[in-house]
There are 4 protein chains.
Amino acid sequence: MAAKALAQQTTREQDRRRTILRAAVEVFSKKGYHGCRIADVAREAGVAYGLVYHYFKNKDELLESVFTSGWSGFVERLTEQASKSTTFEDRVRGVVGVAFDAYKHDPRGVKVLILEVGRSPSGGAVNRGSAFSDVIRLASLLFQEAKEKGHLKADMDPLLAATMLFGAIEMGLTAFVLGLLDRKDDSVLDRARDQVAETFLRGVVPAGTAQDPTSRAGQANPAVRSKQTWTSSKSPTKSRAQRRA
Amino acid sequence: MAAKALAQQTTREQDRRRTILRAAVEVFSKKGYHGCRIADVAREAGVAYGLVYHYFKNKDELLESVFTSGWSGFVERLTEQASKSTTFEDRVRGVVGVAFDAYKHDPRGVKVLILEVGRSPSGGAVNRGSAFSDVIRLASLLFQEAKEKGHLKADMDPLLAATMLFGAIEMGLTAFVLGLLDRKDDSVLDRARDQVAETFLRGVVPAGTAQDPTSRAGQANPAVRSKQTWTSSKSPTKSRAQRRA
Amino acid sequence: MAAKALAQQTTREQDRRRTILRAAVEVFSKKGYHGCRIADVAREAGVAYGLVYHYFKNKDELLESVFTSGWSGFVERLTEQASKSTTFEDRVRGVVGVAFDAYKHDPRGVKVLILEVGRSPSGGAVNRGSAFSDVIRLASLLFQEAKEKGHLKADMDPLLAATMLFGAIEMGLTAFVLGLLDRKDDSVLDRARDQVAETFLRGVVPAGTAQDPTSRAGQANPAVRSKQTWTSSKSPTKSRAQRRA
Amino acid sequence: MAAKALAQQTTREQDRRRTILRAAVEVFSKKGYHGCRIADVAREAGVAYGLVYHYFKNKDELLESVFTSGWSGFVERLTEQASKSTTFEDRVRGVVGVAFDAYKHDPRGVKVLILEVGRSPSGGAVNRGSAFSDVIRLASLLFQEAKEKGHLKADMDPLLAATMLFGAIEMGLTAFVLGLLDRKDDSVLDRARDQVAETFLRGVVPAGTAQDPTSRAGQANPAVRSKQTWTSSKSPTKSRAQRRA
DNA sequence: CATGAATGAGTCTTCATTCAT
DNA sequence: CATGAATGAAGACTCATTCAT
């Protein structure tokens, strides 16, 4: 009986905690890391201000938890998927699938991860950059293995390949997050998913097209002016000083 | 004489302005958008506190200028490059090259763009998200044209292709920004540049490998449990409430 | 039977109450009046958070109880002692003795009284300042009586004499509380006790020393500069504003 | 010219700083250490909230400065006085005089020092307890010297003597601070000053009174019940639990 | 133009107090 | 009686922005 009561207590606490976490994701996805105020989270969760501090030590820990819980779930499913698939290509498709499915089920959450993970400068309680790096390093093992079996081009760096895969995925999702692509129905999402995977595997050029032999690699890019940085061009906005003229 | 004096004045103003802008980039790349205080920028630029407000209306405009000036230079060079190249493949390589060269010349500035552009929630004076979208849309024209000429796979969405290209580029650079890849010398950077372009064009799978016919597209991904969001897993950090147990 | 149960209940309640009070003294002597949180008291007492509020209306009442109970015990013993002693000098020694014995038996409690009684600005539920005044006024009666019997110097104000007595006692104990004097063993304490009493009675100057006739009383102190307050000297710490220079 | 401007600047800053410090003393003496809010200080000083933080790093530093500046001025005058006086007795009178004069000129400031110095539990930025101890140790040198010259009773501990002197002074002033003695005019204050000094030097007992031989020292005080602490008596205030009965 | 002192609104965080179980 | 989750008011601190010199 006491055990049951305790269990219920624990469950209720877990629920509360999850409610607040969920609310944080919500506010977060709307206002971003720094625009997110504790007061907003509390209101969104429908709890009192102080209760947030009952469940999370401070703002940083709350936000950290948002990342950690979201990211760990993603990594978990990623690992699960990788172990399930058989061929290299299916594994790649599986990885892409996990990411897109995550977005299908929880676009807000994915938005938060995409817009924030690895973006904040180091200094937060937990090193989010490393969380990101970890996943890439993990994926690079997959490519390493594939390379040894000849399923990957010989001159390809596994780490860079992994990086690119996630880059393509991330940007594919970003297109939806930013509203560049509209998520009318799941079919659009599914099609994008497949395309990302296939492009990564076989490229955008139709099979059989001969490779351009002239400018393969190492070309110095003449378009870039040395000694000039990208801030050298004038801003189009007018400052007070400029308005004077 | 007066004209000359005025011109010098103006030049000095321009210099000041650029100095501050440059300082903003510096502080920015170190502390991020929100961790950056006006005082920091002023100190970095070696000017008085209030002077920043003489050249920029407010913090937002300063940050906006940082983005705009950096981004417009990038877009400019991108356009220039696109018009110069001849074949589709070279254009793609050119786009990748412009991005990597920018990083080579001004890693700090690129870091700022990568870590912040499109990450801040809409609400700033200028919609940075749209700046980003604009470039992608611009690039998609290139893919549209290529598609019509048969240089692009028939079932490929030009917009999505453009998105993926920038995704791969961005993530490739992110690998350097985050320190995942070490920028010992330019050759590492150059190799990465080439690999990003080639992968995008022809994929990671060696030419001649038969395509896996069974799981091409539209497969439902069985690994994803419906009705479960990514925040459902418990956070490993202990809250005050949890510590009780 | 029910009566016995009730009595036991009551006893248990009393115990609880005393436990909490004791814990409050403990926390108090460590963290001081304002650094003391209800949570700390509860933890120290080993009871639940809310239970403190079952026994004490609020924090103020708890603190008030700490003072009152401690103080009333002290006053009680003081009165008892005063009525027991016979000669004036013994009464003085008795008063000093009660104070030092209290410290011997409960240094923590005395520390709290010394460091807090009369220090808090009036405003608490009970006027602790008045509690203090009451004791002094009580003692002044003793001096009044002594004066009438010629046991006290004729030009001595009884109220001021009483004040000084407690001042010497308090500061003597403060020396221990602050660690200025080390309470290795009770003999140090006993010696201090005797010295306080004797000094108060006969002064620090050896008997028979002629009194300095020139500067007895009423001398204007030339060392004090008029119109200058004690905050006029510069603080050695540097402010942000000062660091500028 | 520039130098003059700078000097003026500096002076103005100093003034501001002093104004705030002065305001802090004011608020402080009214509300005590912890009741003192930055907002109050700012209002009292007639400056904006944030300006307090321009001159003082944080609340602690402000309060610390209040103590330090006040205390250092006091110590300074004390030292000055000690070096000026000639005989031991005059030195003692001088020390007492400095304290009483300080009160005459700035009762508020002295109140703050009396009520707070050495009372707060250690933990503040600066160790106020040690500031207090330092003065006592300093004074004990004076007594040490006097003892060697035979101006102090042979069985008297110099450190304890110093402690008692300040105890008598402090409590004498406390009598005024608490309103026990009314500071109608300076004569009351002057009389108290003289009495404190003389009592310390020669005691309260009229010269020529024989010393009570029976109960000089070392007597165990039978009035104190062993094993019983001063919190054992019941508080007269009623708790919720007690009200039940 | 340049300077940096002055302003004060906006947030985080703490903690006394209440109350449902 | 006992518990500790829930509440929210209070106050410290930051920092963008203004303005007098």
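**Helix crossings and the surface near DNA strand F**

Tutor: In this predicted model, the crossing in which H8(B) passes H9(B) is right-handed.

Student: Why are H8(B) and H9(B) called roughly antiparallel to each other?

Tutor: Helix H8 (residues 158-177) of chain B and helix H9 (residues 186-202) of chain B pack with their axes 10 Å apart and at an angle of about 160°. Angles over 145 degrees count as roughly antiparallel, and H8(B) and H9(B) are therefore described in that way.

Student: Which residues of H8(B) and H9(B) meet, and how many of them are nonpolar, polar or charged?

Tutor: From H8(B) come Ala161(B), Met164(B), Leu165(B), Ala168(B), Ile169(B) and Phe176(B), and these meet Val188(B), Leu189(B), Ala192(B), Val196(B) and Phe200(B) of H9(B). By class, the contact of H8(B) with H9(B) holds 11 nonpolar residues, with no polar and no charged ones.

Student: What makes H8(C) roughly antiparallel to H9(C)?

Tutor: In chain C, the axes of helix H8 (residues 158-177) and helix H9 (residues 186-202) come within 10 Å and cross at roughly 160°. Set against the cut-off of 145 degrees, that angle makes H8(C) roughly antiparallel to H9(C). The crossing of H8(C) and H9(C) is right-handed, and the residues of this contact divide into 11 nonpolar, no polar and no charged.

Student: Why is H4(D) described as roughly antiparallel to H5(D)?

Tutor: Helix H4 (residues 59-84) of chain D and helix H5 (residues 88-105) of chain D have axes that come within 9 Å and cross at roughly 155°. Because angles over 145 degrees count as roughly antiparallel, H4(D) is given that description with respect to H5(D). The crossing of H4(D) and H5(D) is right-handed.

Student: Which residues make the contact between H4(D) and H5(D)?

Tutor: H4(D) contributes Phe74(D), Arg77(D), Leu78(D), Gln81(D) and Ala82(D), while H5(D) contributes Arg91(D), Gly94(D), Val95(D), Val98(D) and Ala99(D). By class, the contact of H4(D) with H5(D) has six nonpolar, two polar and two charged residues.

Student: Turning to the DNA, which residues come nearest to DNA strand F?

Tutor: Of the 32 residues around DNA strand F, those that come nearest are Arg16(A), Ala48(A), Tyr55(A), Glu13(C) and Tyr53(D). Of the atoms of DNA strand F that come within 4 Å of the protein, sugar and phosphate account for 73%.

Student: What makes the approach of Arg16(A) to a phosphate oxygen of DNA strand F a polar contact?

Tutor: An N or O atom in the side chain of Arg16(A) is 2.5 Å from a phosphate oxygen of DNA strand F, and a pair of N or O atoms within 3.5 Å is what the term requires. Arg37(B) likewise has a polar side-chain atom 3.2 Å from a phosphate oxygen of DNA strand F, whereas for Tyr49(D) a polar side-chain atom lies 3.3 Å from a base nitrogen of that strand.

Student: Which element gives the largest share of the surface near DNA strand F, and how many residues there are nonpolar, polar and charged?

Tutor: H3(A) gives the largest share, four residues. By class, the surface near DNA strand F has 16 nonpolar, six polar and 10 charged residues.

Terms used. Residues numbered from 1 in each chain as written. Chains lettered and ligands numbered in written order. Predicted model: local features only at pLDDT ≥ 70, side-chain atom pairs only at ≥ 80, totals over all residues. Heavy atoms only, no water. Near = heavy atom within 4 Å. Polar contact = N/O pair within 3.5 Å; in protein donor to acceptor, adjacent residues only side chain to side chain. Helix = DSSP H or I, 4+ residues; strand = E, 2+ residues; numbered from the N terminus. Nonpolar A, V, L, I, M, F, W, Y, C, P; charged D, E, K, R; others polar. Axes fitted to C-alpha atoms, helices over the stretch in contact; angles between N-to-C directions. Parallel < 35°, antiparallel > 145°, perpendicular 65-115°, else oblique. Left-handed = near helix turned anticlockwise from the far one by under 90°. Contact = heavy atoms within 4.5 Å.
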